[in-house]
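Me: I would like a close look at one part of this model, with the rest of the structure brought in where it helps. Please keep it plain.

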Amino acid sequence: MFDFSTITTAIDQFLHSVLPSQAALLVECILVALCAVLAYVMLAIVMIFMERKVCAAFQCRLGPMRVGPWGLLQVFADVFKMLIKEIISIKNSDKVLYNLAPYLVVMSSVLTFSCLPFAKGLQVLDFNIGVFFIMAASSFGVLGILLAGWSSNNKYSMIGAVRSGAQMISYELSIGLCILSIVALSGTMQISELVAAQADGWFIFRGHIPAFVAFIIYLIAGNAETNRAPFDLPEAESELTAGFHTEYSGMHFGFFYVAEFMNLFIVAGIASTLFLGGWTPLHISGFDSFNTIMDYIPGVVWFLGKTFFVIWLLMWVRWTFPRLRIDQVVSLEWKYLVPIGLLNLLIMTLCVVMGWTF
Amino acid sequence: MEFKETYIGRIFYGMRSLLIGLHTTLKEFFTKKVTEQYPENRKTQHISERHRAMLYMPLDENGNNKCIACGLCANTCPNGTIVIKTKTVTDEETGKSKKVLVDYTYDLGSCMYCQLCVNVCPKEAIAFNNHFENAVFDRSKLFIKLNK
């Protein structure tokens, strides 16, 4: 596998040779931030296009076909429209919090995004408690949503934000339990090591039944975490107009929209990192020629392929099921997912202790 | 208590019904899409025969129509879309006088496609066809003379 850290260390050494070390660090920070935000936005555009096409296919339609070939330029047109729209300021709203909220949501999403391992060495943040950091960073997105609902001075926004708080804080528990069971299996929290440990067998195969159950629970909880149907209570159109972002317009709304899509990408990316092996290619022990062919496919392709497959799974669920009621959402989490997750963690620990894993 | 209503049973039955739903949408994902891309598909587009786009008068090969100029269609039209001009002709052999159609004018602009005129016609002399591309730049072009 090609290691991207050779490129990054080369750039690092070059910068240190021409600049003082402080300035080199600054330039590196700017370069990394630029690349991360650029990748973030490009992936968001791809995701929005994919969402529209997949949604159309599930409803037996073709989706956007007019703007550009197969409607490829449709999303660019939408983004351009969003950029030139006016940002309306609301009377009697809390101006500071109202303007701060979308940035909090995007910030948490970008921070989590920078933890994703795209290929060997191609990862912005990688340290010994990486999984914990992902959970912490993704948790404070809910703060932005709560603030958006509170500061809008609108009853619909407020109800949407409160629902979102109840929902996202509950489902974080399930996500934590699923991640914990994988951490129990691998014995590490560093993301690069988690991925490297899966080189000779993805965790969903090595952890067999408990890993599969954890994967399913993770997908359900991740879907709820991203506020998408069937868990889109915070923005239930029929009841709350648009939920917490009712009063937002222009690019402030755009930030919520992009963050929602990128949270979906992040949930899928973490699922593929923890369960499906991240950027490691598919290896079947015994088939050496097959394994070498798989090694020639670059890690970025593997990671994005797995991630988009998981995204497709989540979209499939989204366009199949009707929305749950708020009491059903909460009872699904507290009465079903959490007990099953706890039991699953116990089984996983038992498997690891008894050596029943592959 | 039946197994279906227990805590464990509800999990399994719930999962089963969710999987049925997923199976249904998955089939839909791979079926042929129904979207018609209109201006490009002019050659292959299919419009239902019952679609009412425009009134016309079926003519035989000599240009004769079946209209007997009774005026029922003009009377029954709620919008006054149809205007019929007639003249009375006396048959030379029998000496009987008979109404004959001179001008059958149909105003496409005020037609609401209710089909009452077609239903009321005793001779099936008028019908609706599928020519729906009727946009013109001048209102006067919407007045159409149906008989030759």
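Which residues are buried in helix 15 of chain A?

Reply: This is a predicted model, and every value below is computed from it. In helix 15 of chain A, the buried residues are Val329(A), Leu332(A), Glu333(A), Leu337(A), Gly341(A), Asn344(A), Leu345(A), Met348(A) and Cys351(A). Helix 7 (155–186) and helix 10 (208–225) of chain A are among the elements that cover them.

Helix 15 of chain A runs over residues 326–354. Its 29 residues should span 42 Å at 1.5 Å a residue, and the C-alpha atoms at its ends are 40 Å apart, which agrees. The helix is bent all the same: at Leu337(A) there is a bend of about 35°, and Pro339(A) follows within four residues. Leu337(A), where the bend falls, is also one of the buried residues. Just after the helix, Gly355(A) takes a positive phi of about 75°.

The chain around this helix has 15 helices and zero strands. The radius of gyration of chain A is 21 Å, close to the 21 Å from the globule rule for 358 residues, so the chain is as compact as a globular protein of that length. Along the principal axes, its C-alpha atoms fill a box of roughly 65 × 60 × 45 Å. Of the 358 residues, 40% are buried. If one takes the contacts in chain A between residues at least 6 apart in sequence, 78% of them join residues at least 24 apart.

Helix 7 of chain A, part of the cover of helix 15, is preceded by a loop that starts after helix 6 (141–151) and holds Asn153(A). Asn153(A) has a positive phi of about 60° although it is not a glycine. Most residues other than glycine have a negative phi. Asn153(A) has 15 other C-beta atoms within 10 Å and is partly exposed.

Chain B offers a helix for comparison. Helix 1 of chain B, residues 7–30, has 24 residues and reaches 35 Å from first C-alpha to last, close to the 34 Å expected at 1.5 Å a residue. The number of its residues that are buried is zero, so helix 1 of chain B lies largely in the open. The domain assignment of chain B gives domain 1 as 1–34 and domain 2 as 54–145, with their C-alpha centres 57 Å apart.

Cys117(B) gives a second view of that separation. Cys117(B) sits in helix 3 (residues 116–120) of chain B. Its C-alpha atom is 49 Å from that of Leu22(B), and the two residues are 95 apart along the chain. Cys117(B) is buried, with 23 other C-beta atoms within 10 Å. Neighbours within four places in sequence aside, its contacts are Cys73(B), Thr76(B), Cys77(B), Ile82(B) and Ile126(B).

One of these contacts, Ile82(B), brings in strand 2 (residues 82–90) of chain B, which is joined by nine bridges to strand 3 (residues 97–107) and runs antiparallel to it. Val83(B) stands opposite Thr105(B) in strand 3. The two strands form a hairpin with six residues between them, and Gly95(B) in the turn has a positive phi of about 80°.

Notes
Residues are numbered from 1 along each chain as its sequence is written. Chains are lettered from A and ligands numbered from 1 in the order in which they are written. This is a predicted model: local features need pLDDT of at least 70, side-chain atom pairs count only at pLDDT 80 or more; totals for chains, interfaces and linings use all residues. Domain bounds come from an automatic or database domain assignment. The expected span of a helix is 1.5 Å times one less than its number of residues. The bend at a residue is the angle between axes fitted to the seven residues ending there and the seven starting there. A residue is buried if 20 or more other C-beta atoms lie within 10 Å of its own, exposed if 12 or fewer, and partly exposed in between; C-beta atoms are placed from the backbone. Two residues are in contact if their C-beta atoms, placed from the backbone, lie within 7 Å. Two strands pair if DSSP finds at least two bridges between them. The radius of gyration is taken over C-alpha atoms; the globule rule is 2.2 Å times the number of residues to the power 0.38.
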